[in-house]
Structures are given as structure tokens and as C-alpha cells.
Amino acid sequence: MHESVVLAFDMGGTDLKCARVSKDGDVRGFKSVPSRALEGEAGIFAAVRAALDAIGGPLGPAVAGFGCPGITVPETGVLVDARPNVQLPLDFPMRAKLEALTGLRVALDNDANMAALAEHRVGAGRGARVSITVTVGTGIGAGIVVNDALMRGAHGGAGELGHMPVGLDGPACGCGVPGCGEPLAGGAGLAAQARAAGIEAQGAREVFESAHPKAAYLRERMVDALARQLGCAVQLLDPDVIIVGGGVSQAGEALLSPLRRALDRYVLTANRRHLRVVSAQLGERAGVIGAGLAAWDLLAAPRS
Ligand SMILES: [Zn+2]
């Protein structure tokens, strides 16, 4: 008898993670191979084949889940734009190509959405009705889960928290929207500001650990930007919980405590009273676990 697991992938700019995932989100045989995300279609699909070889091909039901950067359209499985993290043409038929390669039905979604689905169902959001999972890494990603299902928007673009025009007078964002929070609240932006202020920082971690007098100000501004973005989302969605993951979240309470205080400023008391702000629980495996759960959902859904 086959063990009841499905194949799940989480593609990032550097690594392609792959595992078998049970219906309850248990991970078996976790592997990671280089994603070759900047080598175009040939490199990326060679990486998917390498991951399949590493994990040993399908064993269970004929479905797989695949999370990747960028906006994906749920109905068509088209990856609209994943640049600059993944070099593929605009409006790339990602799901069709993955299904042709693997011979499996594929559940495709944005990587932050996959991580949010996993945290909501089997991680820090268990028991919540509405959760927002924010990934604070190089940039800011987010996923919204309402009543156990991802809230993707009409065209797959919901949850672009980092690019909400919260009117901040900070560095310009690469997306072109004026006043985005991401250049101030994301790890890459924070590190760049630190270096400009004379602090030696490869990433956000050094800024959180620095005793440099300007580091405290930069941290405060980072948390304020993140709280403004999350505050808008809270007023709109009234979540039970905000789950904070991604590399920068490893700062733990050094990030979460000031973030909770800043949210007190930006959120109505009625919406703040029952809101929990917690660390993500699933770490670097959240994306593959969510991809696995999405594949199980696809198996249960009628074939369209
Ligand atoms: Zn932006």
C-alpha cells in the first residue's frame, strides 16, 4: 500500500525545496536543490527534475503542490510575473508546464500564500478563523487565510502587503508605487539604510544586534513601517492572528514586542483587543508544507 503523501515543492530565488507531505502536514524526505531561478525556463525545469530525482518520483496520489515567487492566476495557472527573483517570461504557463513534466495535477500558488496556508492550518494559526501570515525576509510577503481557505483576490494578487501605499517618506520602492513600506520594513532595505548610516550590516540580523546609536532609530522606523502596513490589513480584515515569519523574524521578541506596541497606535481598539501577534512555527518548511496541503485540497476538489 502506498503511504499517503503527496509531492510538494517550494521554489525560491536560491533553493528549490521538495518533500512528501501527509494530509496532516507531516513532512517526509525533505530535500533542497539549487533552484537555478535566474537561468530561465531550461535551468528552472532542470532543477525541478533534479528535485524529483532527489525525492524519488511520485508514490502517492497523482497530485503535487508547487509554490513560487510572483503572482499566479488561480483559474489558469499562469505565473504573471516573478521577476526579479525568477527569470521567466511574463504570463508564463507555469502550471501546464509543471503538469507536463511531472504527469501530475499541480496546485500552483505564490510561495507566501503556501506558507500562510501551512501556518494557518498546522502552525501558529491553528484554531484561527482569519489569519495574516507576513514573511519578513529580503522583502515583505503575505498570505491571508479566511475560514481555512486562501484569500487570493480576483486575479491572484491579494496580500501584497509590502506594496500598500501607506505614504511613507522613505526610499523609493522597485515596484514604482510611491510610499510603499517594503523599502523600510524589508530586510534588504533595512540593511541598505544601515550601511548608508555607517553600520556594517550584511542583512537585518546585524541591524537588530547592533549597539550603534543609529541602529535603534532604524529598527524603530522598520517596525513602524511594518506596523502601518499590518495596521491597514487589520482594519480591513479583522484577523484573529498575525503570524510573523521569514529571516528577519528570527529577531524574535526584539521584533514582536515593539511591533505589538506600534499596532496599538495604528489599529482601532475594537480590532486590536483580540488580535494576537506571534512568531511563525514552521520555519523554512512552511512553503513545502503549504504546497502539500494545497495538493491535498486539489485532490478533494472536482476536476475542472
Ligand atoms: Zn512597492
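**Entry 1: domains**

I began with the layout: the protein splits into domain 1 (5–111) and domain 2 (124–281). I kept in mind that this is a predicted model. I then looked up how far apart the two parts sit, and the C-alpha centres of domain 1 and domain 2 are 26 Å apart. For the contact between them, I found 5 residues of domain 1 meeting 5 residues of domain 2. On the domain 1 side, strand 5 (residues 71–73) gives the largest share, with 3 residues. I also sorted that side of domain 1 by class and got 3 nonpolar, 1 polar and 1 charged residues.

**Entry 2: helix 3 and helix 10**

Next I turned to helix packing. How do helix 3 (residues 111–122) and helix 10 (residues 286–300) cross? Their axes come within 7 Å, and the crossing angle is roughly 80°. An angle of 65 to 115 degrees counts as roughly perpendicular, so that is the word I wrote down for helix 3 and helix 10.

I listed who takes part. From helix 3 I noted D111, M114, A115, A116, L117, A118, E119, R121 and V122, and from helix 10 A286, G287, I289, G290, A291, L293 and A294. By class, this contact of helix 3 with helix 10 has 11 nonpolar, 2 polar and 3 charged residues.

**Entry 3: G123**

I stayed in this region for G123, which sits in the loop between helix 3 and strand 8 (130–136). Is G123 buried or exposed? I count G123 as buried, because 26 C-beta neighbours lie inside 10 Å, and 20 or more is the cut-off. Leaving out residues up to four places away in sequence, G123 touches A118, A280, Q281, L282 and A286. Two of these names were already in my notes: A118 of helix 3 and A286 of helix 10 both belong to the contact of those helices. I also checked G123 against L230: they are 107 residues apart in sequence, and their C-alpha atoms are 20 Å apart in space.

**Entry 4: helix 7 and helix 8**

L230 led me to another helix pair, since I found it listed among the helix 7 residues that meet helix 8. The axes of helix 7 (residues 213–237) and helix 8 (residues 253–266) come within 9 Å and cross at roughly 50°. Helix 7 and helix 8 are therefore oblique to each other. I noted the hand of the crossing as well, and it is right-handed.

On the helix 7 side I wrote down V223, D224, L226, A227, R228, L230 and G231; they meet L255, P258, L259, A262, L263 and Y266 in helix 8. The residues of this contact divide into 10 nonpolar, 1 polar and 2 charged.

**Entry 5: loops around strand 11**

Just past helix 7 I looked at D238, placed in the loop between helix 7 and strand 11. Its phi caught my eye: D238 is not a glycine, yet the value is positive, near 50°. D238 is partly exposed, because 15 other C-beta atoms lie within 10 Å.

Then I moved to Q250, in the loop between strand 11 (241–245) and helix 8. Q250 is also partly exposed, with 15 other C-beta atoms within 10 Å. From Q250 to G167 I read 83 residues in sequence and 27 Å in space, C-alpha to C-alpha.

**Entry 6: R36**

Last, I checked R36, in the loop between strand 3 (27–34) and helix 1 (40–55). R36 has a positive phi of about 50°, although it is not a glycine. With 20 C-beta neighbours inside 10 Å, R36 counts as buried.

Definitions and conventions
Residues numbered from 1 in each chain as written. Predicted model: local features only at pLDDT ≥ 70, side-chain atom pairs only at ≥ 80, totals over all residues. Axes fitted to C-alpha atoms, helices over the stretch in contact; angles between N-to-C directions. Helix = DSSP H or I, 4+ residues; strand = E, 2+ residues; numbered from the N terminus. Parallel < 35°, antiparallel > 145°, perpendicular 65-115°, else oblique. Left-handed = near helix turned anticlockwise from the far one by under 90°. Contact = placed C-beta atoms within 7 Å. Nonpolar A, V, L, I, M, F, W, Y, C, P; charged D, E, K, R; others polar. Domains from an automatic or database assignment. Buried ≥ 20, exposed ≤ 12 C-beta atoms within 10 Å, placed from the backbone.
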